[in-house]
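Reader: I am new to this structure and should be grateful for a close look at a single part of it. Please begin with that part and then relate it to the rest of the chain.

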Amino acid sequence: MNQDFLISAKPDLHKARAAWLAALVDERRLSALTVDAYERDTRQFLQFLTGHCGEAPGLADIAELRPADLRAFLAFRRGRGAGARTLGRGLAGVRSFLRHLERRGLVNAAAAAALKAPRAPRALPKPLTAADARKVASGEGQLAEEPWIAARNAAVFTLLYGAGLRISEALGLLGGQLGALRQGGLRITGKGGKTRMVPVLPVSLEAVAEYQRLCPYHLEADKPLFRGARGGPLQPAIIQREIKRMRSALNLPETATPHALRHSFATHLLGRGGDLRAIQELLGHASLSTTQVYTGVDTARLLEIYDAAHPRA
């Protein structure tokens, strides 16, 4: 039998773990996927401790854990190919289990609390090229057969790319904001209730005006500006599904998503000499460090061009 599928623990620890897993479902109402992940993470941890301690661990062994033991577990998992994100999630599962035992007076979870999770490298955003972004945002690039729906999609995409809005921010616009939009600016409330002023490009104004002209529904001031086919609020899944269709029809990369248009907005501004602080304000980032990831994108693109074009590269 494959030892990887055995739970190595003495009866007292095995019973405590089973009670914890049941509590995750019955008391904390965690999703089945989360519970499965925590079960797998703690199973791997107990299997490691069996080899680390020379025998199946019990509650007494867990009570004596030191940060060095947990670091050894992370090193063991890293040696088996686990990345920083996987290690961090695994440590979260172990910590949850140890805190459960601590609340019941069975162990001290200080060792887990003292250990920092491995820092995952920040993934670079994947913007579209300027040409691809224009395809997505153009009226000609839309695939919907209903003219008003095609105009609606184009208006949404131009706001994502032309104003750097999040999809939730674009779909959260109300009919009453049409006046401000026509004046060339929008007050957007983003994550954490942070409010920012966003200038709106003429091409976006034209796209929204065309949608308003063709839309068969009255756009009340206190109702969503963008409507679904039956007149209700337009759902993000509709826009996500539409851009998925466009990927094959317009030969776009798999990374083409509604959020990639926001990434493209920031990256293209930076590439044309935009000020990082100004881009931070336009995106509504609370911290400049969040915006600075786009400098990595720009540098990566420069290196690609260098490698492709320089005769000595």
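Author: In this predicted model, the side chains along strand S2, which covers residues 195-199, alternate between two faces. Arg196 and Val198 point to one face and are buried. Thr195, Met197 and Pro199 point to the other face and are not buried.

The partner of S2 is strand S1, residues 185-189, and the two strands pair in the antiparallel sense over five bridges. One residue of the alternating pattern can be followed across this pairing: methionine 197, whose side chain is on the face that is not buried, is the bridge partner of arginine 187. S1 and S2 together form a hairpin, with five residues between them. In the turn, glycine 192 has a positive phi of about 70 degrees.

The setting of this hairpin is a chain with 16 helices and two strands. The chain has 313 residues, and buried residues make up 43% of them. Among contacts between residues at least 6 apart in sequence, 64% join residues at least 24 apart.

The packing of two helices may be considered next. Two packed helices are described by the angle between their axes and the distance between the axes. For helix H2 (residues 32-53) and helix H4 (residues 67-79), the angle is about 105 degrees and the axes are 10 Å apart. Because angles of 65 to 115 degrees count as roughly perpendicular, H2 is roughly perpendicular to H4. On the H2 side, the residues that meet H4 are Asp41, Gln44, Phe45, Phe48 and His52. On the H4 side, they are Asp69, Leu70, Ala72, Phe73, Phe76 and Arg77. By class, this contact has six nonpolar, two polar and three charged residues.

Several aromatic residues of this contact also form ring pairs. A pair of aromatic rings is described by the distance of the centres and the angle of the planes. The count for the model comes to seven aromatic pairs. One of them joins phenylalanine 48 and phenylalanine 73, with 5.5 Å centre to centre and 50 degrees between the planes, a tilted arrangement. This pair links distant parts of the chain, since phenylalanine 48 is in helix H2 and phenylalanine 73 is in helix H4, 25 residues apart. Both of these residues are buried.

Phenylalanine 48 forms a tilted pair with phenylalanine 76 as well, at 5.4 Å centre to centre and with 40 degrees between the planes. Here too distant parts of the chain are linked: phenylalanine 48 in helix H2 and phenylalanine 76 in helix H4 are 28 residues apart. Phenylalanine 48 counts as buried because its relative accessibility is 11%, under the limit of 20%. Phenylalanine 76 counts as partly exposed because its relative accessibility is 33%. Ring pairs link Phe45, Phe48, Phe73 and Phe76 into a cluster.

A further link between distant parts of the sequence involves isoleucine 149, which lies in helix H8, residues 147-163. With a relative accessible area of 14%, isoleucine 149 is buried. Its C-alpha atom is separated by 7.4 Å from that of alanine 229, although the two residues are 80 residues apart along the chain. Leaving aside neighbours within four places in sequence, isoleucine 149 is in contact with Ala144 and Ala229.

Terms used: Residues are numbered from 1 along each chain as its sequence is written. Side-chain values use heavy atoms; hydrogens and water are left out. Axes are lines fitted to C-alpha atoms, for helices over the stretch in contact, and angles run from 0 to 180 degrees between N-to-C directions. Helices (H or I, at least four residues) and strands (E, at least two) are DSSP runs, numbered from the N terminus. Angles under 35 degrees count as roughly parallel, over 145 as roughly antiparallel, 65 to 115 as roughly perpendicular and the rest as oblique. Contact means heavy atoms within 4.5 Å. Ala, Val, Leu, Ile, Met, Phe, Trp, Tyr, Cys and Pro count as nonpolar, Asp, Glu, Lys and Arg as charged, and the others, Gly among them, as polar. Buried means under 20% relative accessible area, exposed over 50%, partly exposed in between (1.4 Å probe, protein chains only). Two strands pair if DSSP finds at least two bridges between them. Rings of Phe, Tyr and Trp (its six-membered ring) pair if their centres lie within 6.5 Å; planes under 30 degrees apart count as stacked, over 60 as edge-to-face and the rest as tilted.
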